[in-house]
Amino acid sequence: MNNDRIERLTETLAQDLKPVRPMRNGRLWIGALVGLAVAVAYILIFYHARLPVAALMRGQWLGNPMAVLKPLMFLVLGLAALWAVSDLSRPEGRLKFRFFVPLLIIGGLVLGGFGLEWLAYGGHDFKDWLSGGVVVCYTTILCGGMVGLIVMWRFWLRRSATSQPLALGAMSGLATASLMAAAYALHCDGDAPVYLLVVYGGAVAIFTGIATLLGRRFLRW
């Protein structure tokens, strides 16, 4: 094939192509912050803030650090997962150990607390600590995470070109579920390690698994 025919063929193939704007990570972070603000507003309006959080919003401190630490833990998890999403959305993106550092630290603290509780109480009080708000917690994190995931995929990840759809699906699910958990933690007063591990951890893990399966199907190109 001579050069003229190659040029004509190239022009024919390219004539209907439309330029696509390059993905910008700033839009992902802005969208995530807006989504988190909407989730927080939803929780505060329809669920109401737990007492220490409400007092803190009025400038008072009731001496319960978990009222701040619990939302902060899931906020850090969500932001670390978003960091991974911004990297994995490109073909050259790879999962890196630094993305998992917050998960390992927070998971280690919760598991350590769970172990101390088990040594102290032998699991006899676990049933009481898991008796309130389990269904609401699961439902809120799963439904809120799914709304966030759909919005993220519709407005940002549909333009991604990942070479690791499984990992991108998992990290996007971990991000939206963790951010929803951070918002719900402003209302929830379940602070026991067993509650964090079974209820919060279970809901986030289930949703991450769902997003992984969806990512394998919808994020391939």
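How far is the sulfur of Cys188 from the closest cysteine sulfur, and why is there no bond? In this predicted model, the closest cysteine sulfur to that of Cys188 belongs to Cys137 and lies 5.6 Å away, which is too far for a bond. A disulfide is a covalent bond between the sulfur atoms of two cysteines. For a pair to be counted as one here, the two sulfur atoms must come within 2.5 Å. The search of the whole structure accordingly returns zero disulfides, and Cys137 takes part in none, with the sulfur of Cys188 as its nearest cysteine sulfur. Both residues are nevertheless covered: Cys137 has a relative accessibility of 0% and counts as buried, and Cys188 is buried too, at 4%.

Cys188 also leads to the surroundings of Arg50, since it is one of the residues that Arg50 contacts. Arg50 sits in the loop that runs between α2 (25-46) and α3 (51-57). Is this arginine buried or exposed? Arg50 counts as buried, because its relative accessibility is 7%, below the 20% that marks the limit for buried residues. Once neighbours within four places in sequence are set aside, its contacts fall into two stretches of numbering. One holds Asn64, Met66, Ala67 and Lys70; the other holds Ala185, Leu186, His187, Cys188, Asp189 and Asp191.

Two of these contacts, Lys70 and Asp191, reappear among the salt bridges. The whole structure contains three salt bridges. In one of them, Arg50 pairs with Asp191, and the closest N and O atoms are 2.9 Å apart. Asp191 belongs to the loop between α8 (165-184) and α9 (193-218), whereas Arg50 is in the loop between α2 and α3, so this pair ties together parts that lie 141 residues apart in sequence. Asp191 is itself buried, with a relative accessible area of 19%. A further salt bridge joins the side chains of Lys70 and Asp191, at 3.2 Å from N to O. This second pair also links distant parts of the chain, with Lys70 in helix α4 and Asp191 in the loop between α8 and α9, 121 residues apart. Lys70 is buried, as is Asp191.

The remaining bridge is formed by Lys96 and Asp87, whose closest N and O atoms are 2.6 Å apart. Here the partners are partly exposed: Lys96 has 27% relative accessibility and Asp87 has 24%. Through shared partners, salt bridges join Arg50, Lys70 and Asp191 into one network.

Aromatic side chains provide another set of links. Eight aromatic pairs are found in the structure as a whole. One of them brings Trp83 and Phe99 together in an edge-to-face arrangement, with 5.2 Å from centre to centre and 80 degrees between the planes. Trp83 comes from helix α4 (residues 66-88) and Phe99 from helix α5, so to speak a link between distant parts of the chain, 16 residues apart. How does the accessibility of the two rings' residues work out? Trp83 is partly exposed at 37% relative accessible area, while Phe99 counts as buried at 4%. Elsewhere, Tyr42, Phe46, Tyr47, Phe74, Tyr184, Tyr195 and Tyr200 form one aromatic cluster.

Turning to the surface, which residues make the nonpolar patch of about 520 Å²? The patch is made by Phe97, Val101, Leu104, Ile105 and Leu109. Of these, Ile105 lies in helix α5, which spans residues 97-121.

A last set of contacts centres on Met23, placed in the loop between α1 (3-14) and α2. Met23 is buried, with a relative accessible area of 16%. Where residues up to four places away in sequence are not counted, Met23 touches Ser89, Arg90, Trp156, Arg159 and Ser160. Of Met23 and Arg159 in particular, the C-alpha atoms are 7.2 Å apart in space, although the two residues are 136 apart in sequence.

Technical notes
Residues numbered from 1 in each chain as written. Predicted model: local features only at pLDDT ≥ 70, side-chain atom pairs only at ≥ 80, totals over all residues. Heavy atoms only, no water. Buried < 20%, exposed > 50% of the residue type's maximum accessible area, 1.4 Å probe, protein only. Helix = DSSP H or I, 4+ residues; strand = E, 2+ residues; numbered from the N terminus. Contact = heavy atoms within 4.5 Å. Patch = residues over 30% accessible without salt bridge, like charges linked within 9 Å, V, L, I, M, F, W, Y side chains within 5 Å. Areas by Shrake-Rupley, 256 points an atom, 1.4 Å probe, with all protein chains shown as cover. Salt bridge = Lys/Arg side-chain N within 4 Å of Asp/Glu carboxyl O. Phe/Tyr/Trp six-rings, centres within 6.5 Å; stacked < 30°, edge-to-face > 60°.
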